[in-house]
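Okay, thanks for coming, everyone. I'll keep this short and just walk you through what's on the screen.

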Amino acid sequence: MDFEPPFQVSYKTLLKKATKSDNEIFLVEEYCELPLINLSRLSSGQQLERERCMNEIADAASRLGFFQIINHGIPKEVLRSISYEQKNVFHQPFQKKVKDNFLNLSANSYRWGNPKATCLRQFSWSEAFHISITEIPRMTTEYKSLRLAIEKFAKAVASIAKILAEILSTKLGIRSCSYFQDNCPAGSSYVRLNRYPPCPYSSKVYGLIPHTDSDFLTLVYQDMVGGLQLFNHGAWFSVKPNPDALIVNIGDLFQAMSNCVYRSTKHRVVGNTQTERFSVAYFYCPSNDAIIQSFTKPAVYRNFTFSEYKLQNQTDVQENGDKIGLSKFLL
Ligand SMILES: O=C(O)CCC(=O)C(=O)O
Ligand SMILES: [Fe+2]
């Protein structure tokens, strides 16, 4: 199939190790029931219902760093349309997808595998379009329906991200917090379209390597294939797909800002030998010069700007093949 990235050819030496290794590291049997939060209660006329809903959100963010939301208000059509369009774009010929001006996005927007990986555990058997919200309007008209689908999805999810961020900061005891309003303009966030092609070594090679997200919050819409796993109390658990839910996870910036009250939980994706998998992630981020500081004292991490954080992560990936993250900013 001409749309498949040439993993086997380009990463031959690395993948040879997978055929030799009999270390089946991803056989996770256990499912993790993510807290399922009904967001419609936020607009309930009853104060008690609203309070309960907000407490559940804060509780899930601190216990697990992951939860699911239902009745989130995103029209089914918006989700159906982004799913359809992302499948279509990933099924374009590989030679087209790798061209710098494909979709008229910035270079390096399309990613596959990991050119910096020096060993299997740094390698991801997946492809993605990483898109800054500011780039969406200039996407090529040839893919107008994709552009519209991303635009609608991003707009709907952005408003949920902002509401969740404000609830989480209120629950830290911060009153009338305008931080997100002031520091997270719509254009600073990102959408990432993910595709996990069938992988012949799926029990030995990651779909997406274990990582934490470098943002405040991530919202993910996934198909029904499954493969997302999270690390909790020393073990990996699979997340059961729910067609009506979006997954929310806390990113590093909220962990820093909350002095570790909210958890940026490590997660990964395990591929499938037979079936391709799709997901769309929305990363709720501040502007580059926003200062990330803890709301409460004493602080666990030193203050840093978002661009400083991204630069440090990039350097770490260059030098180690992997992100080190917040531990570099401990006081
Ligand atoms: O595909 C998924 O379910 C998760 C994707 C993810 O973790 C990411 O893009 O950061
Ligand atoms: Fe992630």
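I'll go through confidence, then the annotated domain, then the ligand, then one of the sheets.

So, keep in mind that this is a predicted model. The protein chain averages a pLDDT of 93, and 97% of the residues score at least 70. For the complex as a whole, the predictor gives an ipTM of 0.99 and a pTM of 0.96.

Next, the domain. The UniProt entry, an unreviewed one, puts "Fe2OG dioxygenase" at residues 187–286. That span is 46% strand and 6% helix, and its end C-alpha atoms are 9 Å apart.

Now the ligand. Which residues are around ligand 1? Going along the chain, we have Arg192, Asn194, Leu208, Asp213, Val220, Gln222, Leu228, His267, Val269, Ser279 and Ala281. By type, the shell splits into five nonpolar, four polar and two charged residues. As for where they sit, four strands each give at least two residues to that shell: E6 (190–196), E8 (217–222), E12 (267–270) and E13 (277–284).

Last bit, the sheet. There's an open, five-stranded one, with mixed pairing, and the order runs E1-E10-E9-E12-E7. E1 (31–32) and E7 (206–211) are the edge strands; each has a single partner, so one side of each has no neighbour in the sheet. Further in, E9 (residues 228–232) pairs with E10 (residues 235–239), antiparallel, over four bridges. If you want a spot to look at there, find Leu230, which stands opposite Phe237 in E10.

And that's my tour, so over to you.

Note on methods
Residues numbered from 1 in each chain as written. Chains lettered and ligands numbered in written order. Predicted model: local features only at pLDDT ≥ 70, side-chain atom pairs only at ≥ 80, totals over all residues. Near = placed C-beta within 6 Å. Nonpolar A, V, L, I, M, F, W, Y, C, P; charged D, E, K, R; others polar. UniProt positions renumbered as here; feature names shortened; annotations may be inferred. pLDDT = per-residue confidence, 0-100. Pairing = 2+ DSSP bridges.
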